[in-house]
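This report describes a protein model for a reader who is new to structural description. Please keep the sequence and the structure in view while reading.

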Amino acid sequence: MKKMYSWLKTGKQFKEKDEYYTPPILVKPILSFIKPNSTIWCPFDTENSEFVIQLKKAGHKVIFTHICYGQDFFSFEPNEDYDYIILNPPFTKKLKVLEKLYKINKPFAMVLGLPILNYQEVGEFFLDKDFQLLIVDKKVSFDGHTASFNNSYFCYKMLPKDIIVVHLENNNANKDFIGSKMGNDIVGDIFEF
Ligand SMILES: C[S@@+](CC[C@H](N)C(=O)[O-])C[C@H]1O[C@@H](n2cnc3c(N)ncnc32)[C@H](O)[C@@H]1O
C-alpha cells in the first residue's frame, strides 16, 4: 500500500475534481520555455507525474512534493533554491494557490482552464498582476473523454511575449488518449481504501 493510504486515513477529504493528472501531450508545450539545466519545483506532483518525468528527461533537476508525502503547498517550501514552479494545482484551491505564487515571486507556469476568466473574483485578482498565457490550440482531454473547455498555461515571467499560441497534434481524446502515469500513484490506492 502506498503513502496516499495513510494520508487518506488522516481523514482529509478527497475531492475527485482535484485529481485530474496532466497528460504527456499538455506537458510538452512548456518545455521549450525553460532555460537549460534549471531546477524546478513541482509542488503537486509525485514521482510519476508527467511533469516530473518529462522535465527530468529534458535535463532539469526536479523537486517534486505532494500532500501525500506530508508536504502541503500552503505551508511547505523547498530548502534549496529553484528557478521555476511548474504546476497543475487542485482545481478547488486555484485562487489560494495563485495568491501564494505571487508572494513567492518566482517564474511559474500553471495549468488552468481558460473559463476561469469568466469568474469576477479571478478578474479582480489579476487587476494588479502581470501574467502571460501559453494557449494550446486544442481542448486537451485528461481522461480520454472529449474535453469541454481549453486547459492552457497561466504564466509569470516565463514567456518571451505575453500571449503565445501553440499547436498540438491531437486533443488526447478517444483513440488518441494517453493518460498520466501519476494516476497509478494515487487513484489505485483511493479505490482500495
Ligand atoms: C490536479 S492534480 C494534478 C497533479 C499533477 N500536478 C499533474 O499535473 O498531473 C493536483 C494534486 O494536488 C494534490 N493536492 C491537493 N492539495 C494539496 C496541497 N495542499 N499540497 C500539495 N498537494 C495537494 C491533489 O491530491 C492532487 O493529486
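Ile-40 belongs to strand E1, which covers residues 39-42. The model that places Ile-40 there is a predicted one. Is Ile-40 buried or exposed? Ile-40 is buried, because 25 other C-beta atoms lie within 10 Å and a residue counts as buried from 20 such atoms upward. When neighbours within four places in sequence are left aside, Ile-40 has contacts with Leu-55, His-60, Val-62, Tyr-82, Asp-83, Tyr-84 and Ile-86. Ile-40 is also 5.7 Å from Ile-85, C-alpha to C-alpha, although 45 residues separate the two in sequence.

**Overall arrangement**

The protein contains 6 helices and 7 strands. Along the sequence, these elements follow the pattern α-α-β-α-β-β-α-β-α-β-β-β-α. The protein has 193 residues, of which 31% count as buried. Among the contacts with a separation of 6 or more, 71% are accounted for by residues 24 or more positions apart.

**Helices H2 and H3**

Helix H2 spans residues 24-31 and helix H3 spans residues 50-57; their axes come within 10 Å and cross at roughly 45 degrees. Because of this angle, H2 is oblique to H3. The crossing in which H2 passes H3 is right-handed. Which residues meet where H2 and H3 are in contact? From H2 come Pro-24, Val-27 and Leu-31, and from H3 come Glu-50, Phe-51 and Gln-54. By class, the residues of this contact comprise 4 nonpolar, 1 polar and 1 charged.

A general property of helices is useful when reading such lists: an α-helix has 3.6 residues a turn, so residues three or four places apart point the same way.

The buried residues of H2 are Ile-25, Leu-26, Val-27, Pro-29 and Ile-30. These buried residues pack against H3 and E3, and also against strand E4 (108-113), strand E5 (132-136), strand E6 (151-156) and E7. In H3, the buried residues are Glu-50, Phe-51, Val-52 and Leu-55. Leu-55 has already appeared as one of the contacts of Ile-40. After H3 comes Gly-59, which has a positive phi near 95 degrees.

**Residues in the loops**

Several residues outside the helices and strands also deserve attention. The table lists the number of other C-beta atoms within 10 Å for four of them, together with the resulting class.

| Residue | Other C-beta atoms within 10 Å | Class |
|---|---|---|
| Ser-75 | 7 atoms | exposed |
| Pro-89 | 20 atoms | buried |
| Asn-172 | 23 atoms | buried |
| Asn-174 | 11 atoms | exposed |

Ser-75 is placed in the loop between strand E2 (61-64) and strand E3 (84-87). Ser-75 is exposed, because 7 other C-beta atoms lie within 10 Å and a residue counts as exposed at 12 or fewer. From Ser-75 to Lys-100 the C-alpha to C-alpha distance is 9.9 Å, with their positions 25 residues apart in sequence.

Pro-89 is located in the loop between E3 and helix H4 (94-104). With residues up to four places away in sequence not counted, Pro-89 touches Phe-44, Lys-94, Val-97 and Met-110. Pro-89 and Tyr-20 are 69 residues apart in sequence, yet their C-alpha atoms are 9.3 Å apart in space.

Asn-172 lies in the loop between strand E7 (163-166) and helix H6 (182-192). Asn-174 is likewise in the loop between E7 and H6. What is the phi of Asn-172? The phi of Asn-172 is positive, about 65 degrees, although Asn-172 is not a glycine. For Asn-174, a residue other than glycine, phi is also positive, near 55 degrees. As to their surroundings, Asn-172 counts as buried, whereas Asn-174 is exposed.

**The surroundings of the ligand**

Which residues come nearest to the ligand? Of the 22 residues around the ligand, the nearest are Tyr-21, Thr-22, Phe-44, Ile-67 and Asn-88. One of them, Phe-44, is also touched by Pro-89. By class, the shell around the ligand consists of 13 nonpolar, 5 polar and 4 charged residues.

Key:
Residues are numbered from 1 along each chain as its sequence is written. This is a predicted model: local features need pLDDT of at least 70, side-chain atom pairs count only at pLDDT 80 or more; totals for chains, interfaces and linings use all residues. Axes are lines fitted to C-alpha atoms, for helices over the stretch in contact, and angles run from 0 to 180 degrees between N-to-C directions. Helices (H or I, at least four residues) and strands (E, at least two) are DSSP runs, numbered from the N terminus. Angles under 35 degrees count as roughly parallel, over 145 as roughly antiparallel, 65 to 115 as roughly perpendicular and the rest as oblique. A crossing is left-handed if the near helix is turned anticlockwise from the far one by less than a right angle, and right-handed if clockwise. Two residues are in contact if their C-beta atoms, placed from the backbone, lie within 7 Å. Ala, Val, Leu, Ile, Met, Phe, Trp, Tyr, Cys and Pro count as nonpolar, Asp, Glu, Lys and Arg as charged, and the others, Gly among them, as polar. A residue is near a molecule or strand if its C-beta atom, placed from the backbone, lies within 6 Å of it.
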